Amino acid sequence: MRTFSFLIVVTFAPLLSAQIASPPASTLSVSQDPVASRSLTDLSPVLNFRDVGGPAGLNTIPHSSPERRYIVETMGGGGIALLDCDNDGKLDIAVVNDSTIERFLAGGDPMITLYRQDGGGGDLHFSDVTASAGLTTRGWGMGIAVGDYDNDGLPDLYVTGYGHNVLYRNLGGCKFEDVTERAGVKAGGFSTGAAWADYDRDGHIDLFVARYVHTDLHSLPAPDPRVEGYRSVILQMPDQMEGETDFLFRNRGDRTFEDVSRKAGVDNAGKLHGMAVVWGDFDGDGWPDLYVTNDGGTNYLFHNNGDGTFGENGILSGTATGAHGEIYGNMAADFGDFNHDGRLDLVTTRYSRQPASLYRNDQSIFTDVAAEYGVMQPTIAPVKWGVGFGDFDNDGWPDLLIANGNFSSQMDKLETEVKFREPLQLFRNIGGRRFEEIADKAGLNNGPLQSRRGTAFGDIDNDGNLDFVVFNAAGPPSLFLNQTRNANHRVLFRLVGTKSNRMGIGSRVTVSTGTMEQLDEVRGGGSYNSSNDTRLHFGLGQAATMSKVEVLWPSGRKQEFLNVPADAIYEINEERGLHKLMSLPAPSK
């Protein structure tokens, strides 16, 4: 996160810092009288967000400090997730818990906090149920990945951390048990990002875990009174530290896992400093591929060969470095089709003075188009962490959110460094042609600024607008409720696998309206060490009916549904097909 150099000779000083055959598609006509689409979208209203975290009950204070000097402190925490832990149709929030060196050496803190949504009568409210949920394993939390590893219909939690990780099996009713040792996924070391995917398509989700550097909290360097600037406040430099290997755990289908990292070719033998993880089928061959960001090194893009192994294509694909070959301090990433060409594009965030990359998928290679699309210049200065594509105005074009914040409040002493607490950035997608930064106009920076980390997107109040939560260093999370009012239609899909994994992770959904076609995939982790709601949200612009909804499941099964009305939450079952769960409020006129 703190260094960059050019891959081509010149090196700058550190800134310190195989497709399978598919069964025949099934077709279902939901309505024989589709409503014709009007104009593409309603662009006039400005987006409108309000942080309701405090009033909604997100008030648990983590045992951490903004004054961070050592590497585990500057990297501590960051992960946040949206999930429905009791299957009541309402999203709950899990937040990774930061700690301090003193507290960790004394036994640590519970590695996550769980907020259960318990409001009624239109009131949005959450209660901290961590203790009663059984989430009591102590340590120093970093990231969180949500997935149903045992296919019992309940979301399980994998939490990464310094020293050890923990796998929580959901017992129902938001009750969990620590099954880490039994499952064989403890990992150890300094784990950061993690994400679930069924890489071998056997119906059981597997787990990838990235790791960062080797550090011993019992042997930390003392401050050096002779140094100045950055090194006077941050006492460990990751570019001077040995990295650690990464893990790919294959799910055996019996609630245990085996380490296949080396056999699969994703073990990070060079020990680059792993940060964030996201899976996505970037070439559309039906097999999930893997992208791993590395701090101060080239990023990995692992192409799934379909035989249990991967080929590393980061440099050849153009996604390993910056636009001109720069090696940056990379943070987080997300896949999304921002220009509606039917291919997953990629966004990557980085440290200060290093612009984000917006990689357009041009089939054989990716092209960094951040400059021409208006993303590069505004993202140079901030220290950028969580990132994600999401259609916040329901116009059918995925927007881009970036969470910012420096490593330590000690940085505020240095005139040349950006502040610990920095504004959020929201880039509105203008018809797939460019992005416009509108965070202030949208109200995202109206309140006190925070030092942000991971982000998680989802429709928290089930009104059809995409909301998000964000991790705040040394404080409770923020919950930004999307209160935008416009005439655009929208839809959400909850996928339930039968032959495929139960949560449908890796499934690809394509939605057509007559004026546009858009796609997304169900993922089990992303952004900066976080997890979105696994329900897929699509804005539909002025289209009140989807002419076609296509689903490609990891099993290879294809489904097609015709003339599906908008403004509803649907369940798509791999065997039984489409079922309406609830209607959404009518769009504003």
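## Gln-518 and its surroundings

Contact here means heavy atoms within 4.5 Å. With that in mind, let's look at Gln-518 in this predicted model. Setting aside neighbours within four places in sequence, Gln-518 is in contact with His-340, Gly-396, Val-509, Thr-510, Val-511, Phe-538, Gly-539 and Leu-540. One of these partners, Gly-539, also offers its backbone oxygen, which the Gln-518 side chain reaches at 2.8 Å.

Gln-518 belongs to strand S35, which covers residues 517-521. Its relative accessible area is 8%, and because buried means under 20%, Gln-518 counts as buried.

## Thr-513, in the loop before S35

Just along the chain, Thr-513 sits in the loop that links strand S34 (508-512) to S35. Thr-513 is buried too, with a relative accessible area of 6%. Its side chain makes a polar contact with the side chain of Thr-515, at 3.2 Å.

Thr-513 can also be placed relative to Gln-542: the two are 29 residues apart along the chain, and 9.4 Å separates their C-alpha atoms.

## The disulfide

How many disulfides does a search of the whole structure find? There is one, formed by Cys-85 and Cys-174, with their sulfur atoms 1.7 Å apart. Cys-85 lies in the loop between strands S4 (80-83) and S5 (92-96), and Cys-174 in the loop between strands S11 (166-172) and S12 (175-178), so the pair ties together parts that are 89 residues apart in sequence.

The torsion about the S-S bond of Cys-85 and Cys-174 is about 75°, which makes the disulfide right-handed. Both ends are tucked away from the surface: Cys-85 is buried at 0% relative accessibility, and Cys-174 is buried with a relative accessible area of 2%.

Key
Residues numbered from 1 in each chain as written. Predicted model: local features only at pLDDT ≥ 70, side-chain atom pairs only at ≥ 80, totals over all residues. Heavy atoms only, no water. Helix = DSSP H or I, 4+ residues; strand = E, 2+ residues; numbered from the N terminus. Buried < 20%, exposed > 50% of the residue type's maximum accessible area, 1.4 Å probe, protein only. Polar contact = N/O pair within 3.5 Å; in protein donor to acceptor, adjacent residues only side chain to side chain. Disulfide = S-S within 2.5 Å.
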